[in-house]
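Dear colleague,

Please find below the structure I am handing over to you. My notes on it follow directly after the display.

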Amino acid sequence: MKNESKKTLGLERVKKWLYAKGLGERSAGCVLCGSCYGHGPANPMEDVPGPKTKCPPYEFYRFQRFTPKSRWLMAQRVFHGLDAITPELKEVIYTCTNCLMCQELCGVRDDGFGPWDITVAMREEMTEKDGPIEAHRGFYEGLQQHDHPWSQPKSERGRWANGLGLKKLGSSSATTLLFAGCSADRNSGKAGAIALAKLMQKAGEDFVILGDEEKCCGLYAYDLGFRREYDRLEHENLTRIKESGIQKVVVACGSCRRIWQQYVKKGEPKISLLHGVEYVEDLLKTGRMRFSKTIQKKVTYHDSCHLGRGCEVYEAPRAILRSIPGIELVEMERHQRWAWCCGGGGGVPEAYPELAQWNAQDRMREAKQTGAELVLTSSALCQRSLSGCSDGALPTQDLLEFVCQAL
C-alpha cells in the first residue's frame with residue numbers, strides 16, 4: 001500500500017484535542033464535565049440526558065480512572081511525555097468496550113474527534129510502541145497472516161453459503177454484494193448471514209458474495225489500535241469493490257456496517273450501504289415483501305452499539321417487528337441510543353472476561369424484566385455475548401433469521 005509510512009496514527013492523529021494552546025483548540029477538547037460517563041452535569045446539548053449508567057468499565061470497576069474523561073487526561077500526559085505507557089495504563093485503555101456511549105454524549109465531539117476516538121488513538125500509540133497486548137495477539141497475527149481475526153484460513157471461509165446456490169464475485173455482472181463478515185462461519189453469525197442470503201434471493205435481488213476471498217472489514221484492527229492493518233484492509237477491500245463495479249453493499253453484521261460506513265466516507269468508489277435490517281425495511285416499504293404468517297410472541301430488541309450508536313439504525317428493526325402479525329415488541333428500559341452495551345466489543349471478552357460477562361448478564365437481566373420470551377439483535381458480537389449468559393437467560397436470535405421464519 002503506497003505511502004503507508006506517512007499516514008498519521010496514534011496520538012499525533014488526534015493532537016488537536018491534546019495540544020490545546022489557542023482558544024479554538026481548547027473549546028474543541030475535553031472540558032472535564034463528566035457527561036461521558038453519566039456522573040457529571042447533563043450535556044446542555046441534550047434534551048433528554050438518558051439513564052445515569054452509561055460507561056460499562058466505570059460501572060464495573062467504580063474508579064474514575066476507567067472513565068472516558070480520565071482516558072483523555074492520561075492520553076494528554078502521554079502525548080506531552082509526562083507519563084510512560086505502563087501495564088496499569090493499558091488496563092485502563094483496553095477495558096473500554098467500544099460501546100460509543102461517550103461519543104454519543106460528548107458536547108464537543110463535532111470537531112471530528114470524541115472521547116472514544118482518543119481511546120482508539122491511545123491503542124494505536126501502544127501498538128506502535130509495544131505491539132498488541134497479549135490477549136489480542138491472536139487477532140493481530142490472524143489479520144496479518146490470514147486477513148481474518150480468528151486466523152481462519154482462506155480454504156475454510158465461505159462455508160456458511162454451502163448449498164445456497166449463491167454466485168461469487170467475478171462470475172456474474174451483478175452490482176450488489178452481500179458482505180457476510182468474519183463471524184459468518186461461526187455460530188454467532190452464521191444464521192444471520194444465511195438468512196440474509198435467503199431474503200435477498202426471495203426478493204429477486206441479483207447479488208454476489210466474496211466467499212473464500214472475503215477479507216475482514218477491519219473492525220478489530222480499527223478498534224484495537226492496529227491502524228496499519230486497518231488501513232491495509234480498507235484499501236484492499238475498496239480496491240476490490242471499485243474494480244468489480246459493485247454499487248451496493250448489504251452487510252449481515254452490525255459491526256461490519258459500522259466499519260463499511262467508514263469506507264463510504266472516503267467518497268470513492270460511491271456505493272450504497274445497507275445492513276440486512278435496513279434492506280428488509282426497504283423491501284417492506286416498497287411492497288416487495290410482506291408477512292402473512294402470525295407469530296404470537298412477546299419479544300425485545302437489543303440495539304447493538306455499533307449498528308445503533310455507530311450507525312444510528314434504530315427504526316428499521318422496530319418497523320420490521322411491527323409488521324409481523326402477532327408480535328408484541330416490549331422495550332428494555334435502556335434502548336435505542338441509550339441501550340446498554342452487551343460487553344462483546346473492543347476485545348474485552350478476550351482481555352477482561354469478567355467485565356464482559358458482567359455486562360452481558362446485566363443486559364440480560366434488563367431483557368428478562370420486560371417479560372419477553374425472546375431477545376432479538378442484529379450483531380454477531382452481541383449474539384455471542386448474550387447467548388453465553390447463564391442463570392435462566394432468555395433465548396437469543398438474530399433478527400434476520402427470525403424474519404425468515406416469519407415469512
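The notes below take up the sheet, the nonpolar core, the cavities, one helix and a few points of backbone geometry.

Please bear in mind throughout that this is a predicted model.

**The sheet**

Five strands form an open sheet in the order S1-S3-S2-S4-S5, and their pairing is parallel. Strand S1 (167–168) and S5 are the edge strands; each has a single partner strand, so one side of each is left without a neighbour in the sheet. At the S1 edge, two bridges connect S1 with strand S3 (residues 207–209), the two running parallel. Within that pairing, Lys 168 has Ile 209 of S3 as its bridge partner.

Strand S4 (residues 248–251) pairs on both sides. Four bridges join strand S2 (residues 176–179) to S4 in parallel, and S4 and S5 are likewise parallel, over four bridges. Lys 248 figures in both pairings: Thr 176 stands opposite Lys 248, and Lys 248 also stands opposite Ser 272 in S5. As to the side chains of S4, Lys 248 and Val 250 point one way while Val 249 and Val 251 point the other way, and all are buried. You may wish to note that a lysine is included among these buried residues.

Beyond the strand ends, Ala 180 lies in the loop between S2 and H8. Ala 180 has a relative accessibility of 4%, under the 20% limit, and therefore counts as buried. Ala 180 and Ala 252 are separated by 72 residues in sequence, yet their C-alpha atoms are 5.3 Å apart in space.

**The nonpolar core**

In soluble globular proteins, nonpolar side chains tend to be buried together. Here the largest nonpolar core contains 43 residues, and those with the most contacts inside it are Trp 160, Leu 178, Leu 321 and Phe 402. The elements that each give two or more residues to this core are helix H8 (187–202), S3, helix H12 (276–285), S6, H13, strand S8 (374–377) and helix H17 (399–406). H8 provides the largest share, six residues.

Helix H17 also holds Ala 406, which is buried at a relative accessible area of 0%. The C-alpha atoms of Ala 406 and Thr 294 are 7.5 Å apart, although these positions lie 112 residues apart in the numbering.

**Cavities**

How many cavities of 30 Å³ or more does the model contain? The count comes to six, and the largest has a volume of about 120 Å³. Fourteen residues line this largest cavity, and the closest to its centre are Trp 150, Cys 182, Ser 183, Leu 219 and Cys 256. Helix H9 (219–224) and helix H11 (254–264) are the elements that give two or more residues to the lining. By residue class, the lining comprises eleven nonpolar and three polar residues, with no charged residue.

**Helix H6**

Helix H6 (residues 115–130) has 16 residues and spans 23 Å from its first C-alpha to its last, close to the 22 Å expected at 1.5 Å a residue. H6 is mostly covered, with 13 of its 16 residues buried. Just after H6, Gly 131 adopts a positive phi of about 80 degrees.

**Backbone geometry**

Two residues other than glycine also have a positive phi. Asn 98 has a phi near 60 degrees and sits in the loop between helix H4 (87–94) and helix H5 (101–105). Glu 312 likewise has a phi near 60 degrees, and Glu 312 lies in the loop between strand S6 (297–301) and helix H13 (315–323).

Are these two residues buried or exposed? Asn 98 has 0% relative accessibility and so counts as buried, whereas Glu 312 is exposed, with a relative accessible area of 62%.

Finally, the peptide bond from Glu 268 to Pro 269 is cis, with omega near 0 degrees. Pro 269 is found in the loop between H11 and strand S5 (272–275), the strand named above as one edge of the sheet.

With kind regards

Methods
Residues are numbered from 1 along each chain as its sequence is written. This is a predicted model: local features need pLDDT of at least 70, side-chain atom pairs count only at pLDDT 80 or more; totals for chains, interfaces and linings use all residues. Side-chain values use heavy atoms; hydrogens and water are left out. On a 1 Å grid over the protein atoms alone, a cavity is a set of points where a 1.4 Å probe fits but cannot get out, and a pocket is an open set with protein on both sides within 12 Å along at least five of seven lines; lining residues have an atom within 4 Å of a point. Grid points are joined across faces, edges and corners, and a volume is the space filled by probe spheres set on the points. Ala, Val, Leu, Ile, Met, Phe, Trp, Tyr, Cys and Pro count as nonpolar, Asp, Glu, Lys and Arg as charged, and the others, Gly among them, as polar. The expected span of a helix is 1.5 Å times one less than its number of residues. Buried means under 20% relative accessible area, exposed over 50%, partly exposed in between (1.4 Å probe, protein chains only). Two strands pair if DSSP finds at least two bridges between them. A nonpolar core is a set of buried Ala, Val, Leu, Ile, Met, Phe, Trp, Tyr and Cys residues joined through side-chain atoms within 4.5 Å.
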